[in-house]
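Please open the model in your viewer and keep the sequence panel beside it. At each stop of this tour you will be told what to select, and then what is there.

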Amino acid sequence: MRADEDEPTAADDQKALPTEAQSAVPAETPDSVKIPYATRFSGVQSSQLKTLLKQVSQLVAFEGGPTDSEAALRRRANADMDRLHDVMASAGYYDAVVTYQIDKNFKPWRVLVDVKAGEPYLLKEAKVEPAEGTELPPGISFAPADLGLEMGTRAQAAMILDAETAMVSRCTENGYPLARSAGRETIIDKADNSMHVTYKLDAGPPAAFGVTTTTGLETIDQAYVNRRIKWAEGDLYDSRKVEATQKALVDSNLFSTVRVTPAESVGEDGRIAVKIELGERRQRSIGGGVYYDSSLGPGVRAFWEHRNLFGEGESLHLEGRFGMDQRSALAEFLRPDFLIPDLTLRSQFTLDSEETDAYDVRSATVFTGLVRKFDPVLTGGIGLEFQQAHVNDDTGTQDYTLFDMPIFLKRDDTDNLLDPTRGTRLGLTVTPYHSIDGTNLDYVGVRATASAYQRLTDSDRFVLAGYTNVGSLDGVSLGDLPRNLRLYAGGGGSVRGYGYQQAGPLDSSDNPRGGLSSLESGIELRTKITDTIGIVTFFEGGSVFDTHYPDLSEGLFWGTGAGVRYYTPIGPLRFDVAFPLDRRNSDDFFQFYISLGQAF
């Protein structure tokens with residue numbers, strides 16, 4: 001039996017037969033009565049499939065308000081039967097039977113939808129044939145595995161459609177820019193519950209990249225755009241290079257619109273022209289925000305930014321933060337494509353003032369360095385930094401001047417900066433420090449960070465996240481190290497439940513001592529209730545140690561808590577309450593945090 005429609009369907013799919021509950025409308029229910037109801041599904045084991053059924057169901061969509069009459073409710077339910085059957089067929093259940101009953105013994109009434117899936121249909125054969133009057137391109141394999149198909153698996157519509165897309169992509173990635181699908185033929189064999197698929201391919205002529213033209217530039221130099229084009233004229237056409245070019249232009253944050261498209265035909269010279277259409281966004285922006293931490297109190301942040309200072313994407317960022325105990329001013333300059341593509345020059349000047357239980361510090365820092373993006377997930381850099389500080393603690397005052405050279409490597413394949421739902425983040429920073437004012441401060445700092453994010457279902461409704469951070473300072477004694485240069489744990493970005501820098505040993509005045517090494521680790525379950533509201537529960541532990549490397553025999557300080565997330569277009573707004581499990585007399589009973597973005 002054949003079906004030449006856009007999605008594989010069986011021509012003789014069974015329609016849901018009306019049950020006795022469908023056939024009669026009780027006379028005692030007048031049409032004028034408003035009837036509230038709730039919809040319940042049974043017979044579906046897969047949570048993903050049940051979600052799809054609910055998404056297309058008009059019964060579910062309108063159950064928030066009562067229906068006008070029982071007859072109207074039945075019309076709505078009858079109309080749902082075909083929709084729900086189509087969902088089951090798209091999942092590979094072509095013999096599914098969907099029925100409903102109305103149970104009026106409940107208030108509100110219940111519409112009970114029963115789904116009998118039947119045996120799934122399995123993919124038995126998939127092949128690619130040339131469209132009429134064309135040939136398959138030589139040297140390109142279209143085996144089922146190359147298209148992401150596995151014989152013997154459930155014949156789901158999404159899988160069949162994805163394979164069709166993969167077929168075209170294999171052409172466009174290998175020199176055939178105008179390749180397209182010319183349709184497909186699906187055969188549903190009810191004798192053995194199998195599906196056979198034949199894809200028709202019109203590959204079009206082969207081509208190399210031709211002339212590239214750019215439109216829409218006003219203040220940005222053409223040279224800046226040229227450095228982000230991933231192909232050279234004459235290279236074999238590859239749609240992946242087109243996509244990478246578009247992503248590079250979008251990631252620059254300089255354009256509001258970016259379109260990179262090949263011409264509709266290949267030239268007589270065997271080349272295809274490419275057009276880059278750009279719309280520049282506003283180059284200046286101003287913004288701000290607020291935050292709150294039980295230990296640090298409230299704070300405000302304001303910034304001004306220019307993203308195209310001299311015409312080639314140079315950015316200048318000015319920022320100020322003002323809190324009860326922390327104040328800072330920052331000026332940062334970035335020069336992309338410094339000397340070579342994907343190499344950024346970063347220069348920064350910072351003034352800081354911080355008052356904590358452990359110390360008070362006033363400092364100035366000057367930094368300049370290079371950051372190289374090796375590929376989409378791997379970034380590394382090296383810099384030179386000069387810092388001068390005046391520190392006051394319970395032992396007196398200390399002034400120091402340091403020269404240091406941070407070297408870092410980061411790998412990040414997560415799907416979102418502020419709200420990752422899958423992937424990992426790994427980081428390693430090694431920083432040699434050298435005193436240039438005669439103090440005994442020659443040492444090396446090392447910090448390693450790791451976090452992972454995993455969806456527990458096919459959607460992002462449940463996400464399990466975890467992290468571990470380790471720090472070490474080697475070559476210096478704890479007594480020689482100013483308190484602001486020591487390592488600490490505790491607070492909203494560390495071990496929640498403890499005050500800022502409080503998850504560690506305290507001195508006789510109950511002030512944090514800091515340490516030469518640190519360890520922090522935690523796990524968090526993130527659950528989305530709606531598209532905009534979510535909840536989290538977390539368990540974290542950490543401490544600092546007098547030794548150069550963490551000594552786990554000394555134990556960790558543990559905390560736990562829960563929070564609410566309000567999801568906005570720029571990231572989740574975080575409200576967390578955390579409790580210390582190893583509470584000391586100096587620790588508060590709980591800590592409260594408000595900020596933008598997930599905790600890690």
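Begin by selecting glutamate 312, which sits in the loop between β12 (297-306) and β13 (315-323) of this predicted model. Is glutamate 312 buried or exposed? Its relative accessibility is 15%, and because buried means under 20%, glutamate 312 counts as buried. If you now display the surroundings and leave aside residues up to four places away in sequence, you will find that glutamate 312 touches Asp221, Ala223, Tyr224, Arg227, Arg335 and Pro336.

Before going further, zoom out to see the whole chain. It contains seven helices and 27 strands, and its C-alpha atoms fill a box of roughly 90 × 75 × 45 Å when this is taken along the principal axes. Of the 600 residues, 42% count as buried. Among the contacts with a separation of 6 or more, 59% are between residues 24 or more positions apart.

**A sheet and the helix across it**

Next, select β2, β3 and β4, which form an open sheet in the order β2-β4-β3, with mixed pairing. The edge strands are β2 (37-42) and β3 (97-103), and each of them pairs on one side only. From one strand to the next, the twist averages 20°. As background, the strands of a sheet pair through backbone hydrogen bonds, and they may do so in a parallel or an antiparallel way. Here β3 and β4 (residues 109-116) run antiparallel and are joined by seven bridges; to see one bridge partner, select aspartate 103 together with arginine 110 in β4.

Keep this sheet on screen and add helix α4, which lies across β2, β3 and β4 and runs at about 155° to β3. Helix α4 covers residues 70-90, which makes 21 residues, and from its first C-alpha to its last it reaches 31 Å, close to the 30 Å expected at 1.5 Å a residue. If you look along the helix to methionine 81, you will come to a bend of about 25°. Methionine 81 is also one of the buried residues of α4, which include Leu73, Ala77, Leu84 and Met88, as well as the residues Glu70, Arg74, Asp80 and His85. In general, an α-helix has 3.6 residues a turn, so residues three or four places apart point the same way. After α4 comes glycine 92, whose phi is positive, near 100°.

**A second sheet with its own helix**

Now move on to β8, β9 and β10. In which order do the three strands of this open sheet lie? The order is β8-β10-β9, and the pairing is mixed. The edge strands are β8 (208-215) and β9 (255-262), each pairing on one side only, while neighbouring strands of the sheet are turned by 15° against each other on average, direction ignored. Strand β9 pairs with β10 (residues 271-280) in the antiparallel sense over seven bridges, and if you select proline 262 you will find valine 274 of β10 standing opposite. Add helix α7 (residues 239-251) to the view, and you will see that helix α7 lies across β8, β9 and β10, running at about 170° to β9.

**Aromatic rings**

For the last part of the tour, show the aromatic side chains. A search of the whole structure finds eleven aromatic pairs. One of them is formed by phenylalanine 209 and tyrosine 237, a tilted pair with 4.8 Å from centre to centre and 35° between the planes. This pair links distant parts of the chain, since phenylalanine 209 is in strand β8 and tyrosine 237 is in the loop between α6 (222-226) and α7, 28 residues apart. Both phenylalanine 209 and tyrosine 237 are buried. Add Trp231 to the selection as well, as ring pairs link Phe209, Trp231 and Tyr237 into a cluster.

Finally, select phenylalanine 539 and tryptophan 558. Why is this pair called stacked? The ring centres are 5.0 Å apart and the planes are at 5°, and planes under 30 degrees apart count as stacked. This pair also links distant parts of the chain, with phenylalanine 539 in strand β24 (residues 533-545) and tryptophan 558 in strand β25 (residues 557-568), 19 residues apart. Phenylalanine 539 is partly exposed, with a relative accessible area of 36%, and tryptophan 558, at 32% relative accessibility, counts as partly exposed too.

Definitions and conventions: Residues are numbered from 1 along each chain as its sequence is written. This is a predicted model: local features need pLDDT of at least 70, side-chain atom pairs count only at pLDDT 80 or more; totals for chains, interfaces and linings use all residues. Side-chain values use heavy atoms; hydrogens and water are left out. Two strands pair if DSSP finds at least two bridges between them. Helices (H or I, at least four residues) and strands (E, at least two) are DSSP runs, numbered from the N terminus. Axes are lines fitted to C-alpha atoms, for helices over the stretch in contact, and angles run from 0 to 180 degrees between N-to-C directions. Contact means heavy atoms within 4.5 Å. The expected span of a helix is 1.5 Å times one less than its number of residues. The bend at a residue is the angle between axes fitted to the seven residues ending there and the seven starting there. Buried means under 20% relative accessible area, exposed over 50%, partly exposed in between (1.4 Å probe, protein chains only). Rings of Phe, Tyr and Trp (its six-membered ring) pair if their centres lie within 6.5 Å; planes under 30 degrees apart count as stacked, over 60 as edge-to-face and the rest as tilted.
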